[in-house]
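Visitor: I have just opened this one on my screen. Could you walk me through it?
Guide: Gladly, let's look together.

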Amino acid sequence: MREHKIVVLGGMGSGKSTLVRAIAAGAVVDTDVPNSDRQGANKASTTVAMDYADIDLPNGDRLRLYGTPGQQRFDFIWPILLQGARGVVLLLDATRTAAVHELQAYLAVLHRHAADVPAVIGVSRLDLAPTFDLESCAATAGWGQRLLPVVPVDARDRAQGLLLMDVLMSEMETRDLVVGDG
Ligand SMILES: Nc1nc2c(ncn2[C@@H]2O[C@H](COP(=O)(O)OP(=O)(O)O)[C@@H](O)[C@H]2O)c(=O)[nH]1
Ligand SMILES: [Mg+2]
């Protein structure tokens, strides 16, 4: 059986906890507490340490899914969580006015700490931001020669969450074919 550590990155309120819960469908550990950083995002609860879920795939593989805390003061934990990651989901909240700017900042984190790790970008809360420019987002979602797939996702919807994971898994398989360690 193969196990894959998957890390979900993204700003506060981008839907990381929701995505992990939706995909895990109940079997999930989370550490949400009342939110003390209402400037970062106006929501009632937030993730202190991380969200975590084990997901068994139909092919027998297991995903170990880690949702990172979004508050900036937990920056230090990202490189630690990214150690040994086989895949990264970067969630981008389409309702943030600086969403594309924030995307660039997260891409810099990935470039620095997980440059060779397969990754996908999930754009969440698109239903609340109908004018969000997915095309230009997709055109800039990478560094060097590397462009990451950009997938709209409603983090509350299990099917959409699983589709996002599918895209990530095929990125992971492509990488294994190239690198030959699969
Ligand atoms: N309308 C809408 N709400 C969403 C979507 N994705 C996530 N949310 C909501 O966004 C809020 C923040 O999600 P949460 O998982 O706590 O974000 P986190 O800080 O990244 O863990 C929750 O109320 C979710 O239900 C989406 O695609 N559309
Ligand atoms: Mg959370």
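Visitor: Let's begin with helix H1; which of its residues are buried?
Guide: Happy to start there, with a reminder that this is a predicted model. Helix H1 spans residues 16-24 and is mostly covered, with seven of its nine residues buried. Buried here means under 20% relative accessible area. The residues in question are Lys16, Ser17, Leu19, Val20, Ala22, Ile23 and Ala24.

Visitor: And which residue follows H1, and what is its phi?
Guide: Just after H1 the backbone has a positive phi. The residue there is Ala25, with a phi near 50°.

Visitor: Since this is a prediction, where in the protein chain is confidence lowest, and where is it highest?
Guide: Across the protein chain the average pLDDT is 85, and 82% of the residues score at least 70. The lowest confidence falls in strand S2 (residues 28-29), at a mean of 53. The highest is in strand S8 (residues 119-124), at 98.

Visitor: How many aromatic pairs does the whole structure hold, and what is the angle between the planes?
Guide: A search of the whole structure turns up one aromatic pair. Its partners are Tyr52 and Tyr66, 4.9 Å centre to centre. The pair links distant parts of the chain, with Tyr52 in strand S5 and Tyr66 in strand S6, 14 residues apart. The pair counts as tilted, and the angle between the planes is 55°.

Visitor: Is Tyr66 buried or exposed, and which residue lies over its face?
Guide: Tyr66 has 18% relative accessibility, so it counts as buried. The residue over its ring face, at 5.3 Å from the ring centre, is Lys5.

Visitor: What about the loop between S5 and S6: how far is Gly60 from Met1 in space?
Guide: Gly60 sits in that loop, between strand S5 (51-56) and strand S6 (62-67). Its relative accessibility is 34%, so Gly60 counts as partly exposed. Gly60 and Met1 are 59 residues apart in sequence, yet their C-alpha to C-alpha distance is 6.2 Å.

Visitor: Why do the buried residues of helix H3 lie on the same side, and which residues are exposed on the other?
Guide: In H3 (residues 99-113), the buried residues are Ala99, Leu103, Tyr106, Leu107, Val109 and Leu110. They lie on the same side of H3 because they cover an arc of only 155° around the axis. These buried residues pack against several elements, including strand S1 (3-10), helix H2 (77-82) and strand S7 (87-93). Exposed on the other side are His101 and Arg112.

Key
Residues are numbered from 1 along each chain as its sequence is written. Chains are lettered from A and ligands numbered from 1 in the order in which they are written. This is a predicted model: local features need pLDDT of at least 70, side-chain atom pairs count only at pLDDT 80 or more; totals for chains, interfaces and linings use all residues. Side-chain values use heavy atoms; hydrogens and water are left out. Helices (H or I, at least four residues) and strands (E, at least two) are DSSP runs, numbered from the N terminus. Buried means under 20% relative accessible area, exposed over 50%, partly exposed in between (1.4 Å probe, protein chains only). pLDDT is the predictor's confidence in each residue, from 0 to 100. Rings of Phe, Tyr and Trp (its six-membered ring) pair if their centres lie within 6.5 Å; planes under 30 degrees apart count as stacked, over 60 as edge-to-face and the rest as tilted. A charge sits over a ring if NZ of Lys or CZ of Arg is within 6 Å of the ring centre and within 35 degrees of the ring normal. The expected span of a helix is 1.5 Å times one less than its number of residues. The arc is that of the directions from the helix axis to the C-beta atoms. Contact means heavy atoms within 4.5 Å.
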